[in-house]
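Q: Please take a close look at one helix pairing in this structure, and then place that pairing in the wider setting of the chains. A formal account for a newcomer would be welcome.

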Amino acid sequence: MTAPSPSRPTLSSLPLPHPAQTAALDAKAISRAKLGDIGAFTEIVQAYYARCLRFARAMLVEPDDAEDMVQEAFVRLYRALPRYEERQRFESWLFQILGNCCRTANSVAQRNAARLVTDDDLLERIPAESRADDDAPNAWGDSVRHALAELPEHNREIFLLHYIEGFSYDEIERMTGVRQSALKMRVKRASDFLRARLSRGDKS
Amino acid sequence: MRNTRDFRDGADPVVRRAIDELQRLPAVADDAVANVVSAAAAARLLPPADEPVFPAPQRGWGRIALAGGLVAAAAFAGFIIRGTVTAPPGSPARVATTTAIAPVAYSTESAVVPIIEQFVFKAPTARRVAVIGDFNRWDPSVAPMARSSDGELWSRSIPIMPGRHTYAFMVDDSILVLDPRAPKTRDPDLGAEGSVRIVGRP
Amino acid sequence: MRAARVYAVALSFAALRVVGAQDSLRFVGADAVTSRQVSQIIEAAAADGLPAGVILSKARFALAVRTPGPKIVDAAKAVAARLVIARGAIAPHDLEGDLAGAEAALSYEVPAEILRRISLARPKETIAVPLGVLTQLVADRVPAKRAGEIVEGLLRRGATMTQIADLGNTVDADVKIGGWKAIDAANMRYNNLAPHLAPMPANAAAADNAGFATSGPKKP
């Protein structure tokens with residue numbers, strides 16, 4: 001069974017997938033995927049892959065691992081699908097899994113940070129295809145991503161979940177178990193930091 | 001309906017521009033989706049070493065038990081009882097089958113409130129199925145399951161106190177089958193296996 | 001939603017009256033000798049103020065899996081004895097769910113001291129869920145000491161029962177579906193969750209020291 005290829009999203013003027021459309025996809029595809037329907041699962045991956053990649057790249061200490069991380073998350077999700085009881089919104093479950101994978105990878109990466117990396121290693125890690133964000137020199141984009149990377153992981157994650165992925169505090173509380181007051185504090189800290197960091201050089 | 005723009009409106013203008021930048025979706029490699037799906041399918045086909053593989057799954061249902069093959073199911077379930085299990089006299093009358101109930105939320109952490117738990121079991125050729133577990137003292141008459149309209153699935157929602165519970169499904173009053181979708185545990189006193197559910201999430 | 005919640009609670013209490021009521025503690029269905037002996041054990045436990053329904057559950061489960069009579073009696077005795085230990089270990093917790101959870105943990109040879117520590121970590125709340133997660137971790141072959149540290153660590157850091165239940169279920173899925181070793185999965189999930197919790201109080205730091213061991217101590 002081959003997946004039909006979706007139209008490739010282009011860069012700067014990319015509309016977000018409308019929440020209503022994604023919701024219609026989910027309801028039927030998920031129940032079919034639960035029963036092992038690979039075609040339905042493919043639809044789900046297609047619907048969410050780009051968002052997951054975006055999230056993983058922003059979350060990971062080593063963003064080059066994002067594709068692997070997204071694949072890992074979808075594999076875990078697929079294996080756990082029979083146990084998915086639909087008490088939780090599918091998207092929040094998906095991002096919960098992805099967040100766990102990213103956090104795990106980050107812990108490992110931090111432990112390995114002391115290891116020396118040779119030039120050869122660096123060369124091997126540049127992916128063959130140029131990444132989407134590299135299309136045009138984007139100083140503002142670079143500043144934003146550098147600033148984001150400096151945030152402590154737990155602040156960064158909640159900031160991403162809320163402002164980039166659009167989860168409400170209610171949902172994030174249910175996904176992470178952290179109380180909403182603490183979540184809002186994290187988002188505030190992240191915003192303050194970004195504002196401070198990005199206002200200085202803001203000429204774009 | 002969630003609208004990402006609503007959250008952003010409260011933010012500082014610099015932060016909003018940062019959010020705009022971060023919301024840009026990356027391009028997806030042509031084979032990325034296919035690779036993910038292949039990896040997932042491959043992972044799904046490999047059963048964990050200690051789980052039984054049921055015969056003749058159809059359309060990739062994999063590990064969902066087909067209790068229609070009772071002999072096979074019983075062999076993998078690890079034990080069979082023949083004849084009927086009689087309910088002790090004085091046991092409670094059948095509780096009317098309930099349809100789906102909305103989950104109850106905890107009012108406070110310390111209130112010990114039962115949580116509605118749903119049990120689902122695929123057994124197209126069974127005549128009767130009951131949920132039987134420590135929460136109903138393993139009494140098959142208490143929690144008979146209702147059959148779905150297409151005849152394939154049985155389900156029952158039961159209020160259960162928080163904690164760890166063991167259970168199984170009693171098929172046709174004679175065969176005990178584990179829940180293929182649940183973890184198992186081996187009883188330390190008896191050596192027999194039961195399905196496990198930790199109830200604690202409303 | 002409030003009306004629905006009230007309805008659901010009323011329904012559940014009605015169901016509770018039906019299920020596991022104290023007047024249905026009689027055990028029948030085995031041979032006469034076994035039935036009588038098990039019934040005596042149950043009655044003695046009930047008279048002692050222990051939740052005898054736990055014994056009845058074990059006996060009925062034993063019956064359902066065709067356990068020979070003498071073994072059913074032994075199992076009933078074992079449960080009764082563990083309930084006594086459980087009561088001491090987790091005092092003053094005395095709800096049936098708590099005692100049943102402690103008894104199950106003891107059946108997997110979790111030392112009573114670990115139960116006591118968990119009991120002390122939440123003196124005023126039911127601990128059925130943390131005890132259940134502890135038991136399941138040990139059943140998945142996480143060494144009892146480490147499982148106890150993790151559960152106690154979660155409790156002392158203010159984890160909710162939902163979080164604890166989720167950790168237990170997630171570790172189980174990691175083991176059964178993801179092929180992880182239980183101790184690695186348990187450590188990983190604990191470390192994933194810990195940053196979201198309150199800091200560990202000074203006197204109970206053991207849980208946070210494990211890190212990401214890729215090979216934990218083997219259960220003897």
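**The pairing of α6(C) and α8(C)**

A: In this predicted model, the helix α6(C) contributes I114(C), R117(C), I118(C) and A121(C) to a contact with α8(C), where the partners are A144(C), G148(C), V151(C), E152(C), L155(C) and R156(C). Sorted by class, the residues of this contact between α6(C) and α8(C) comprise six nonpolar, one polar and three charged. Among the nonpolar residues are I114(C) and I118(C) on α6(C), together with V151(C) and L155(C) on α8(C). The polar one is G148(C) of α8(C). The charged ones are R117(C) on α6(C), and E152(C) and R156(C) on α8(C).

The geometry of the pair can be described next. Helix α6(C) covers residues 112–121, and helix α8(C) covers residues 144–156. Their axes lie 9 Å apart and enclose an angle of about 5°. Angles under 35 degrees count as roughly parallel, and the two helices α6(C) and α8(C) are therefore roughly parallel to each other.

Chain C also takes part in a contact with chain A. This contact draws 12 residues from chain C and 13 residues from chain A. On the side of chain A that touches chain C, α3 (66–80) and α4 (90–112) each provide at least two residues. The largest contribution to that side comes from α4(A), which gives five residues. By class, the side of chain A that touches chain C holds three nonpolar, six polar and four charged residues.

Chain A itself has nine helices and zero strands. Read from the N terminus, its elements follow the order α-α-α-α-α-α-α-α-α. Chain A has 204 residues, of which 38% are buried. Of the contacts in chain A with a separation of 6 or more, 67% join residues 24 or more positions apart.

Chain B combines both kinds of element, with four helices and eight strands. Along the sequence of chain B, the pattern is α-α-α-α-β-β-β-β-β-β-β-β, with the helices written ahead of the strands. Of its 202 residues, 38% count as buried. Among the contacts in chain B with a separation of 6 or more, residues 24 or more positions apart account for 63%.

To return to the part requested, α6(C) and α8(C) are roughly parallel to each other, and their contact includes I118(C) from α6(C) and V151(C) from α8(C).

Conventions:
Residues are numbered from 1 along each chain as its sequence is written. Chains are lettered from A and ligands numbered from 1 in the order in which they are written. This is a predicted model: local features need pLDDT of at least 70, side-chain atom pairs count only at pLDDT 80 or more; totals for chains, interfaces and linings use all residues. A residue is buried if 20 or more other C-beta atoms lie within 10 Å of its own, exposed if 12 or fewer, and partly exposed in between; C-beta atoms are placed from the backbone. Two residues are in contact if their C-beta atoms, placed from the backbone, lie within 7 Å. Axes are lines fitted to C-alpha atoms, for helices over the stretch in contact, and angles run from 0 to 180 degrees between N-to-C directions. Angles under 35 degrees count as roughly parallel, over 145 as roughly antiparallel, 65 to 115 as roughly perpendicular and the rest as oblique.
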